[in-house]
Amino acid sequence: MLKKSQIEPGHYRDAMANFAGAVHIVTTDGAAGRRGATVIATCSVSDNPPTILVCLNRENEENDRFRDNGVFALNTLAAKHEPLASDFSGLTGKSRDERFAGGRWETLATGAPTLSDALAVFDCEIVEAKDFATHRVLFGRVAAVHVGDDSRPLLYHRRSYHVL
């Protein structure tokens with residue numbers, strides 16, 4: 001018989017630090033206002049229809065803007081974007097406007113800000129939002145896509161940035 005054990009959140013985070021992931025900035029804009037955040041918790045759901053998901057911390061009320069605007073853009077970062085990733089993670093203490101000033105932004109289909117020199121951009125309309133524990137999972141149907149150059153991707157592993 002297997003015994004269930006309580007996993008401490010800190011121990012879980014330590015284990016997850018060994019999970020290497022691509023670094024993205026997820027952005028939104030609309031009636032609820034502009035917002036951007038650095039994320040690695042995202043993945044493809046389907047290619048027909050093209051759908052991705054992004055996980056955002058619900059404990060940060062600023063992240064409600066994504067749900068309220070109904071759109072987001074997932075911007076996949078290259079190695080050269082490490083300073084931007086730090087800015088949008090909140091580590092540098094920059095204001096929202098200062099964060100966005102660090103990149104060149106445009107829009108594709110939804111009005112969400114898209115990073116013009118990102119490795120890839122997935123511009124999405126939210127089709128479902130599901131709250132689970134501390135996070136909200138946003139499912140986005142891809143309305144437009146942009147494929148950038150073949151720069152080296154920025155990764156996050158063991159609580160720091162790395163280049164593939």
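In the predicted model, T28 is placed opposite R35 of strand 3. This pair belongs to the contact between strand 2 (residues 24–28) and strand 3, which are joined in the antiparallel sense by five bridges. Both strands are part of an open sheet of seven strands, arranged in the order 3-2-6-9-10-5-4 with antiparallel pairing. Strand 3 and strand 4 (42–47) occupy the edges of this sheet; each has a single partner strand, so one side of each remains without a neighbour in the sheet. On average, and with direction ignored, neighbouring strands of the seven-stranded sheet are turned by 30 degrees against each other.

A second open sheet consists of three strands in the order 1-11-12, and here too the pairing is antiparallel. Its edge strands are strand 1 (21–22) and strand 12 (160–163), each of which pairs on one side only. Strand 11 and strand 12 run antiparallel and are joined by four bridges. Within this part of the model, L154 stands opposite V163 of strand 12.

Helix 3 (residues 82–89) is placed against strands of both sheets. With respect to the seven-stranded sheet, helix 3 lies across strand 2 and strand 3, at about 115 degrees to strand 3. With respect to the three-stranded sheet, helix 3 lies across strand 11 and strand 12, and its direction makes an angle of about 155 degrees with strand 12. The buried residues of helix 3 are L84, A85, S86, D87 and F88. In an α-helix, residues three or four places apart point the same way, because each turn takes 3.6 residues. The buried positions of helix 3 include L84 and F88. The helix is followed by G90, which has a positive phi, near 90 degrees.

The largest pocket of the model encloses about 1400 Å³ of space. Its lining comprises 34 residues, and those nearest the pocket centre are R13, I40, A41, C55 and H135. Two or more lining residues are contributed by each of helix 1 (9–16), strand 3 (35–39), strand 5 (50–57), helix 3 and strand 11 (154–157). By class, 18 of the lining residues are nonpolar, 10 are polar and six are charged. Several elements described above thus recur at the pocket: strand 3 and strand 5 of the seven-stranded sheet, strand 11 of the three-stranded sheet, and helix 3, which lies across strand 3 and also across strand 11.

Terms used
Residues are numbered from 1 along each chain as its sequence is written. This is a predicted model: local features need pLDDT of at least 70, side-chain atom pairs count only at pLDDT 80 or more; totals for chains, interfaces and linings use all residues. Side-chain values use heavy atoms; hydrogens and water are left out. Buried means under 20% relative accessible area, exposed over 50%, partly exposed in between (1.4 Å probe, protein chains only). On a 1 Å grid over the protein atoms alone, a cavity is a set of points where a 1.4 Å probe fits but cannot get out, and a pocket is an open set with protein on both sides within 12 Å along at least five of seven lines; lining residues have an atom within 4 Å of a point. Grid points are joined across faces, edges and corners, and a volume is the space filled by probe spheres set on the points. Ala, Val, Leu, Ile, Met, Phe, Trp, Tyr, Cys and Pro count as nonpolar, Asp, Glu, Lys and Arg as charged, and the others, Gly among them, as polar. Two strands pair if DSSP finds at least two bridges between them. Contact means heavy atoms within 4.5 Å. Axes are lines fitted to C-alpha atoms, for helices over the stretch in contact, and angles run from 0 to 180 degrees between N-to-C directions.
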